[in-house]
Amino acid sequence: QDQLQESGGGLVQAGGSLRLSCAASGRTFTTYTGWFRQYPGKAREFVAAITWSGERTYYADSVKGRFTISSDNAKNTVTLQMNSLKPEDTAIYYCGALPRPVASFDELSDYVWWGGWGQGTQVTVSS
């Protein structure tokens, strides 16, 4: 599975915005490309995902209306635009790939089915 590389994290005040990018090396993206985040001592938490065609997007309830995932297949990149950031969004954000169709949102949002993780990028939102 191709390795993914995240970029674009940083420090921002509450209410601000950040844009994260996920770039794939080698071949193009798989069935789904998505973003997860991880708090210290916790398992990775689903944030958003997009299908290869870009036609369908999926979001965790906690980020709906604030985050937008999009893809540029020509550039092999997936972007996560994060607006109205909150301190609880502070985490390490990872990009991953899921190379097969799934039967449910529960399956899609379970990190165990995903792979190709990058090193992650830190997002810190100050209050």
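Begin by selecting Tyr111, Val112 and Trp113, which in this predicted model make a nonpolar surface patch of about 300 Å². Within that selection, centre the view on Val112, which you will find in the loop between helix 1 and strand 10. Val112 has a relative accessibility of 48% and therefore counts as partly exposed, since the exposed class begins over 50%.

Stay in the loop between helix 1 (105-108) and strand 10 (121-126), and select Trp117 together with Tyr94, which lies in strand 9 (residues 91-98). The two rings form an edge-to-face aromatic pair, with 6.4 Å centre to centre and 85° between the planes. Because one partner sits in the strand and the other in the loop, the pair ties together parts that are 23 residues apart in sequence. Are these two residues buried or exposed? Tyr94 has a relative accessible area of 10% and is buried, and Trp117, at 18% relative accessibility, also counts as buried, because the class covers values under 20%.

Now add Arg44 to the selection and look at where its side chain lies with respect to both rings. Arg44 lies over the face of Tyr94, at 3.6 Å from the ring centre, and the charged end of Arg44 also sits over the ring of Trp117, 4.6 Å from its centre.

Next, widen the selection to Phe36, Phe46, Phe105 and Trp114 while keeping Tyr94 and Trp117 in view, and you have a cluster that is linked by ring pairs.

From there, move to another aromatic contact. How many aromatic pairs does the structure hold? There are six aromatic pairs in the structure, and one of them is formed by Tyr32 and Tyr58, which meet edge-to-face at 6.1 Å centre to centre with 70° between the planes. This pair links distant parts of the chain, with Tyr32 in strand 4 (residues 32-38) and Tyr58 in strand 6 (residues 57-59), 26 residues apart. Both Tyr32 and Tyr58 are buried.

For the last stop, remain on strand 4 and select Thr33, which is found in that strand. Thr33 is buried, with a relative accessible area of 2%. To see what surrounds Thr33, leave aside its neighbours within four places in sequence and display the residues in contact with it, which are Cys22, Ala48, Ala49, Ile50, Ile69, Val78, Cys95, Gly96 and Trp114. Trp114 in this list brings the tour back to the aromatic cluster, where it appears alongside Tyr94 and Trp117.

Terms used:
Residues are numbered from 1 along each chain as its sequence is written. This is a predicted model: local features need pLDDT of at least 70, side-chain atom pairs count only at pLDDT 80 or more; totals for chains, interfaces and linings use all residues. Side-chain values use heavy atoms; hydrogens and water are left out. Rings of Phe, Tyr and Trp (its six-membered ring) pair if their centres lie within 6.5 Å; planes under 30 degrees apart count as stacked, over 60 as edge-to-face and the rest as tilted. Helices (H or I, at least four residues) and strands (E, at least two) are DSSP runs, numbered from the N terminus. Buried means under 20% relative accessible area, exposed over 50%, partly exposed in between (1.4 Å probe, protein chains only). A charge sits over a ring if NZ of Lys or CZ of Arg is within 6 Å of the ring centre and within 35 degrees of the ring normal. Patches are made of residues with over 30% relative accessible area and no salt bridge: like charges are joined within 9 Å, nonpolar side chains (Val, Leu, Ile, Met, Phe, Trp, Tyr) within 5 Å. Accessible areas come from the Shrake-Rupley method with a 1.4 Å probe; for residues, only the protein chains shown count as cover. A salt bridge is a side-chain nitrogen of Lys or Arg within 4 Å of a carboxyl oxygen of Asp or Glu. Contact means heavy atoms within 4.5 Å.
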